[in-house]
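I opened the coordinates today and kept short notes as I went. The entries follow the order in which I looked things up.

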There are 4 protein chains.
Amino acid sequence: MKYSFKNDYSEGAHTRILESLMRTNLVQEPGYGEDSLSMEARDLLLRKFDGRDVDIHFTSGGTQTNLVSISSILRPYESVIAPASGHIAMHEAGAIESTGHKINTVDTADGKLRVQDIKAVVDAHDDEHMVTPRVVFVSDSTEVGSVYSKRELAELSAFCKANGLYLYLDGARLGSALTSAQNDLSLADIAELVDMFYIGGTKNGALLGEAVIISNDALKEDFRIHMKQKGALLAKGRVLGIQFLELFKDDLFFELARHANRMAMKLAEGIKNRGYEFLTEPVSNQIFPIFPDPLIEKLRENYGFYVWDKVGTERSAIRLVTSWATLEDAVDEFIVDLG
Amino acid sequence: MKYSFKNDYSEGAHTRILESLMRTNLVQEPGYGEDSLSMEARDLLLRKFDGRDVDIHFTSGGTQTNLVSISSILRPYESVIAPASGHIAMHEAGAIESTGHKINTVDTADGKLRVQDIKAVVDAHDDEHMVTPRVVFVSDSTEVGSVYSKRELAELSAFCKANGLYLYLDGARLGSALTSAQNDLSLADIAELVDMFYIGGTKNGALLGEAVIISNDALKEDFRIHMKQKGALLAKGRVLGIQFLELFKDDLFFELARHANRMAMKLAEGIKNRGYEFLTEPVSNQIFPIFPDPLIEKLRENYGFYVWDKVGTERSAIRLVTSWATLEDAVDEFIVDLG
Amino acid sequence: MKYSFKNDYSEGAHTRILESLMRTNLVQEPGYGEDSLSMEARDLLLRKFDGRDVDIHFTSGGTQTNLVSISSILRPYESVIAPASGHIAMHEAGAIESTGHKINTVDTADGKLRVQDIKAVVDAHDDEHMVTPRVVFVSDSTEVGSVYSKRELAELSAFCKANGLYLYLDGARLGSALTSAQNDLSLADIAELVDMFYIGGTKNGALLGEAVIISNDALKEDFRIHMKQKGALLAKGRVLGIQFLELFKDDLFFELARHANRMAMKLAEGIKNRGYEFLTEPVSNQIFPIFPDPLIEKLRENYGFYVWDKVGTERSAIRLVTSWATLEDAVDEFIVDLG
Amino acid sequence: MKYSFKNDYSEGAHTRILESLMRTNLVQEPGYGEDSLSMEARDLLLRKFDGRDVDIHFTSGGTQTNLVSISSILRPYESVIAPASGHIAMHEAGAIESTGHKINTVDTADGKLRVQDIKAVVDAHDDEHMVTPRVVFVSDSTEVGSVYSKRELAELSAFCKANGLYLYLDGARLGSALTSAQNDLSLADIAELVDMFYIGGTKNGALLGEAVIISNDALKEDFRIHMKQKGALLAKGRVLGIQFLELFKDDLFFELARHANRMAMKLAEGIKNRGYEFLTEPVSNQIFPIFPDPLIEKLRENYGFYVWDKVGTERSAIRLVTSWATLEDAVDEFIVDLG
């Protein structure tokens, strides 16, 4: 295989992170995220929120973060509304249900929830023999690569506030979303509009690590005990702190995400120029071109990717993912090989 | 503060691990533990088991490993027997109960379970209005620094097999146990005597990481899905694979543990020479000297450690922990300062 | 209000049950279902199964029975496939998820699952990042009044056996199903085709009570402990035993169900004669006539029922439920009032 | 066997309850506890609370009530403190843990918790790697027959309020406690001192049923959904309503309990007169005389009871339980047979 476009976690981490691990390696630090590196990372991140007093915690991965966060919010009979394509609904092996909670799924064309989707679920749950929906789960970018506009997120936020719902945003690929040409949201906007979210490190240049941001005061209490109980409080918390310390120094986080997006857009451009269509409009680091099945078989010989879905009888959409580490040469070569 | 003896996770990782991260950083690898580095690490580890066909999985930390492992074994009404001092009983914020299971605790003088302890619990649970004990949890070394002999572990193993119980060993500090002067167990012995256990990396020179070893075939099925559901399947599994690849090349793992033990023994020797007693016999990298309270206050000014327990009215036992990274100079200085 | 057709649990119990409670009241009996009355009831029920060695347990209600039964079968990462209209999916306040398990729902036109529905879910769950479907949940009669034929249930059964799935049948209204004109199944057939099911007492003349039938040997072990843990083991188990003892003496159970169905058919006939259509073909004790909204408002003044669903803009389907206790006069009057 | 003193649920129900079931049997009533009989029962019960605005719910049994109630209060990482002899700790098959929560047990001589017991647990749980104790569980009468005085309960209550703990009282045998010669508590006192408790019907003359009393406003919200989710919301709620309607008309509840206690005191008196001692002072309907083992074997031939505990090498304590239905003749005969 020449190159893998399978996902955005195929390589290790940006060199600056590894260098920082080296540099600080033998300094003795307290455990469990109370080390000076994690504190420095939190201070740095805090500046992104325009003075808003958010709580910041570092966790190891997306599924872990979703299960700790969502279960920390819900009472036993409460549920979470999510798109059917949402990561928690399909690709986390029942992690949310394992904590005791139902996911109310909504079919969506583009992976994004709208107010009417949420309203329909809330309206349908009107008696005490049913769960009470309490959290609304969105991803930005979504599992099919789309991104939310500020207006869209603000509408969801307003509806949630008016209806006693908490809005939670899975930001596994938030870097790519925030640097998309379609984006008009900032980290500070998101902290204002949602109650809890996370900034994905694993898929944007970290060895591992997600940063949970809790902006709603009511959800801050004892979050560390929730983390501990679910096995998410790393003894050497410094390892996670270093990831975000480096990612948010000089805005490396955004620089890496921009690279991923630029590679995706270059791929998309090349594919479009060859006359192919897309399942969804390419706007972030996941794109879904539609190819004839024999061409897909041919591409498989040299490239790694997932076949996403059948389109009619003779074509399929594939998923190509770029990352902070994607080589421009590989992108160019893919376009050439497509010809 | 001059130096911390608070725990064995105050520093980063052995340099060889960081160098390996650097060296392999840009190689594209599959996710979720199916990378070539994790596979190589498993192959290397497998050689320690004398041809026994164990399954090996890499996880991130002790609490996570215990909760995934134990909950993977138990049916809903089954429980786990543990010493009251066991990590799962006291210091994991109810992680096991969070997965639905009771812990039956037994008070022990030295942190070790004996057959009569287990038998007493089993005998007391003789009707269907009670949980059914199914897993026996031991740690080696224990939370108070003691280690199991081969005979002791074999007796537990025989009783468990005869009574339909599974024996699980928490090896967060297994390196220190296996290199203790009191030890006569090998990794292969342990795999033969227990059904599932883990080899702790975090507390013996890794950035993070534990290696779960499943030797009982009945417990192997679908373990990866249990991991995924509990948020323990790291996207960049390579990071964990590298830890164990380096730790088990040239037996670095044992070398690091031996250093930790040697430092602990040197500390213990110096303390004994000054005329102080210990709460438990020092045999591994955690030692518990008993000092007058004013001396403890004095030591606190320069050293980090936990006060473990009151001993009478004017003395207390403190816990001193050494590690792969403990500086011999710091040990020497502590002894001097004690004078 | 003249009369309620809201459900089949509006009255107490058949007189024979109350008389039996009176008659046996002061006999001292062991607790927790080991009384002579429960044993006699189990013996009586056992005769319905043509010598098949099923286990029989008595529980208090439908939601309780479903949650105890399904959670007793599943390992932590396994899920249950159910129609979206299934009672566990919508009307049990997340009881199944509360035990840690996802429900994979399938939209169905008539409340019945078919092989292709199950196959689609199984096929879509093909990797270890997803739950593993293990139980298939069906109801007979279904939540919209339809019933399974022997051929239909046999097809599901064969598919489940061939694919390592367990088939579970919610028989809250099994009496009505088995006495429907469309039915060709017997209790013995069901025990042969499904792995576990329950026979509903609450909705067919008992004060309370469901009889769980476990025909698959692999699912029998320790079921009473599951019951105890979920609060389903009643101290005075005799109360439940008496319900089934009386219901299955002289086949009172079937007689009561036949009455309910006859009343439903009479209602349906009268409604059809007035020119109204039905949402689903009336075949059991729940029927769903479609009426103009103003007529529904009018009927509400004298009758109790649920409005089920809008049909177009000016009509709705309502649910009329008959029972063992439904008065024929009330049925006649309803038909007259409809005119 | 002549007579069973094994427990207080060996017979059915007081005749007035059965007669009420008969009398109201064919009246159509709403389901799930919203029937007129349950409402009337709640109104009647409410009068016992001196105008305090408590919420009242009817459930089916003790284990169910404890698991629904306690899990409704706790957040995921919170625990419940209980005596080691507490019903939830030993005899509910892990029901509380099944809802995700640890029980912190305390050894007690007489089944009663004191402030120092609770304080010790709270003090020991002082960091975020441990559960946070939040509920204190007491029983009145306790599992070994002792009862709380008003002063004792008030002390617990004051400590709980001052330390952010909720006090929960298991009243499976509250009737016997409140009519004990040692008692100085009223139902209104209990509602003032504890946050949630239940009044046991099953063990005091009901067919089944417990009445949950929630006096702390903060714990009232959505309790019915918790009940539904755990399978505790009975379709024919009328059955439970009738039990408490009859029990609290003319204070039948207290009259039945007084009979049970009188029978126990008569038994105790006779046993004392024969020169035997007791494990604990007999004050309620469970008494624990100590007999030589051969005498116990002899008594077994004619009487049902549990052997509670060995006392030395040649004697044991047995548990004799009386109830609302205990025949005075049987008591007399037991005393005679003892001679």
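These notes go from the whole chain to the pair of chains and then to two elements of chain B.

**Entry 1, chain A overall.** I noted at the start that this is a predicted model. I counted the secondary structure and found 14 helices and 13 strands in chain A. Next I checked the radius of gyration. Chain A has 20 Å, which agrees with the value near 20 Å that a compact globule of 339 residues would have. Along the principal axes, the C-alpha atoms of chain A fill a box of roughly 60 × 55 × 35 Å.

**Entry 2, burial and contacts in chain A.** I looked up how much of the chain is covered: 67% of the 339 residues in chain A are buried. The exposed area of chain A is about 11500 Å², and carbon and sulfur atoms supply 48% of that area. I then took the contacts between residues at least 6 apart in sequence; in chain A, 72% of these join residues at least 24 apart.

**Entry 3, the two copies.** I asked what turn lays chain B on chain A. A turn of 180 degrees with a shift of 0.0 Å along the axis does it, at an RMSD of 0.0 Å. This is therefore the relation of a two-fold axis. The same surface serves both copies, since 100% of the contact residues of chain B recur in chain A.

**Entry 4, strand β3 of chain B.** I went to residues 78-83 of chain B, which form strand β3, and found six of its six residues buried. Which residues cover each side of β3(B)? On one side I listed B:Glu78, B:Val80 and B:Ala82, and on the other B:Ser79, B:Ile81 and B:Pro83; all are buried, and both faces are covered.

I then looked for the pairing partners of this strand. β3(B) pairs with strand β5 (residues 132-139) of chain B in the parallel sense, over four bridges. Within β5(B), B:Pro133 is the bridge partner of B:Ser79. β3(B) also runs parallel to strand β4 (residues 103-106) of chain B, again joined by four bridges. Here I noted B:Val106 in β4(B) as the bridge partner of B:Pro83.

**Entry 5, helix α11 of chain B.** I checked residues 238-248 of chain B, which make up helix α11, and eleven of its eleven residues are buried. The buried residues of α11(B) include the charged B:Arg238 and B:Glu246, along with B:Leu240, B:Ile242, B:Phe244 and B:Phe248. Just after α11(B), I found B:Asp250 with a positive phi of about 55 degrees.

Definitions and conventions:
Residues are numbered from 1 along each chain as its sequence is written. Chains are lettered from A and ligands numbered from 1 in the order in which they are written. This is a predicted model: local features need pLDDT of at least 70, side-chain atom pairs count only at pLDDT 80 or more; totals for chains, interfaces and linings use all residues. Side-chain values use heavy atoms; hydrogens and water are left out. Copies are superposed by least squares on the C-alpha atoms of residues with pLDDT of at least 70 in both. Contact means heavy atoms within 4.5 Å. Buried means under 20% relative accessible area, exposed over 50%, partly exposed in between (1.4 Å probe, protein chains only). Helices (H or I, at least four residues) and strands (E, at least two) are DSSP runs, numbered from the N terminus. Two strands pair if DSSP finds at least two bridges between them. The radius of gyration is taken over C-alpha atoms; the globule rule is 2.2 Å times the number of residues to the power 0.38. Accessible areas come from the Shrake-Rupley method with a 1.4 Å probe; for residues, only the protein chains shown count as cover.
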